[in-house]
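Work through the following exercises with the sequence and the structure side by side, and try each task before reading its solution.

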Amino acid sequence: MPEPRARVRVAVLISGSGSNMAALIDAADRPGAPFEVVLVLSNKAEAGGLAVAGARGIATAVVAHKAFGGDRAAHEQAVQTVLDAHAVQVVALAGYMRLLTPFLVRRWAGRMLNIHPSLLPKYPGLDTHARALAAGDAEAGCSVHLVAEGIDDGPLLGQSAVPIMADDTPASLAQRVLAAEHRLYPAVLADFCRDRLAGSQAR
Ligand code: GRF
């Protein structure tokens, strides 16, 4: 019997509806996918994505930041404990609405990805679509990057642009960008994991 192909063990961290998470789970189910989603973790028990992941048979965890008061370090340590318990190799942030401290960022340096709804370095932070509209930009888009210590900072791994229409509102633009996110993130994560698997075979 041939050995089953190794796949990178990915955790997806969410705070909300998890539509990017669902796109990553869909991609992991495709034949030949270089990664599997072994854990979906949220800092909010009410995150809609948890039920979606659970229904797909994926382990879920809630590490509620509120339970830790203002102690960010203790919260991140608790997150790390869950990641370790699931032998996670790569972390994909997907609408995880927490500013990370250097503890988690350094721990996962080069192995933690984020998706952001703008063409970085434009518009890090919140309200990206309203800001793109206010600036009169002709296009908007999304970026996948490695996580570094600044807000929405770190080496870019991929971007996808969408046109801005004359009658766009922040909501209509968000919808168009989100559709692009759902294509971009799985493709970039798959490339990233393929490279990682190729690298580990070469060693
Ligand atoms: C996405 O726009 C993502 O780029 C941003 O937060 C949103 C999350 O949406 N970081 P969802 O939870 O994946 O639907």
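## Exercises on a strand and its salt bridges

**Exercise 1.** Describe the unit that strand β4, helix α4 and strand β5 make, and then work out how β4 is joined to the strands β1 and β5.

*Solution.* Bear in mind throughout that this is a predicted model. Begin with the unit itself: β4, helix α4 (residues 102–107) and β5 make a β-α-β unit, and this unit is right-handed. Next, look at the pairing of β4 with β5 (residues 112–116), where the two strands run in the parallel sense and are joined over three bridges; in this pairing, Val91 has Met112 of β5 as its bridge partner. Finally, turn to strand β1 (residues 8–14), which is also parallel to β4 and is joined to β4 by four bridges, with Leu13 standing opposite Leu93 of β4.

**Exercise 2.** Decide whether the two faces of strand β4 (residues 90–93) are covered or open, and name the residues on each side.

*Solution.* Take one side of the strand, where you find Val90 and Ala92, and note that both are buried. Then take the other side, where Val91 and Leu93 are likewise buried. A residue counts as buried when its relative accessible area is under 20%, and since these four residues are buried, both faces of β4 are covered.

**Exercise 3.** Find the salt bridge partner of Arg107, and say which parts of the chain the pair links.

*Solution.* The partner is Asp84, and the closest N and O atoms of the two residues are 3.8 Å apart, which lies within the 4 Å that a salt bridge requires. Now place both residues in the chain: Arg107 belongs to helix α4 and Asp84 to helix α3 (residues 72–85), so that the pair links distant parts of the chain, 23 residues apart. As a last step, consider accessibility: Arg107 has 40% and therefore counts as partly exposed, and Asp84, with 45%, also counts as partly exposed.

**Exercise 4.** Compare the accessibility of the two partners in the salt bridge between Lys122 and Asp137, and do likewise for Asp168 and Arg176.

*Solution.* In the first pair, the closest N and O atoms are 3.3 Å apart. Lys122 lies in the loop between β5 and α5 (128–134), while Asp137 lies in the loop between α5 and β6 (139–146), so the pair ties together parts that are 15 residues apart in sequence. Lys122 is partly exposed because its relative accessibility is 41%, whereas Asp137, at 14%, is buried. In the second pair, the closest N and O atoms are 2.7 Å apart; here Asp168 is buried at 11%, while Arg176 is partly exposed at 23%.

How values were computed:
Residues are numbered from 1 along each chain as its sequence is written. This is a predicted model: local features need pLDDT of at least 70, side-chain atom pairs count only at pLDDT 80 or more; totals for chains, interfaces and linings use all residues. Side-chain values use heavy atoms; hydrogens and water are left out. Buried means under 20% relative accessible area, exposed over 50%, partly exposed in between (1.4 Å probe, protein chains only). Two strands pair if DSSP finds at least two bridges between them. A crossover is right-handed if, with the strands pointing away from the viewer, the path from the first strand over the helix to the second runs clockwise. A salt bridge is a side-chain nitrogen of Lys or Arg within 4 Å of a carboxyl oxygen of Asp or Glu.
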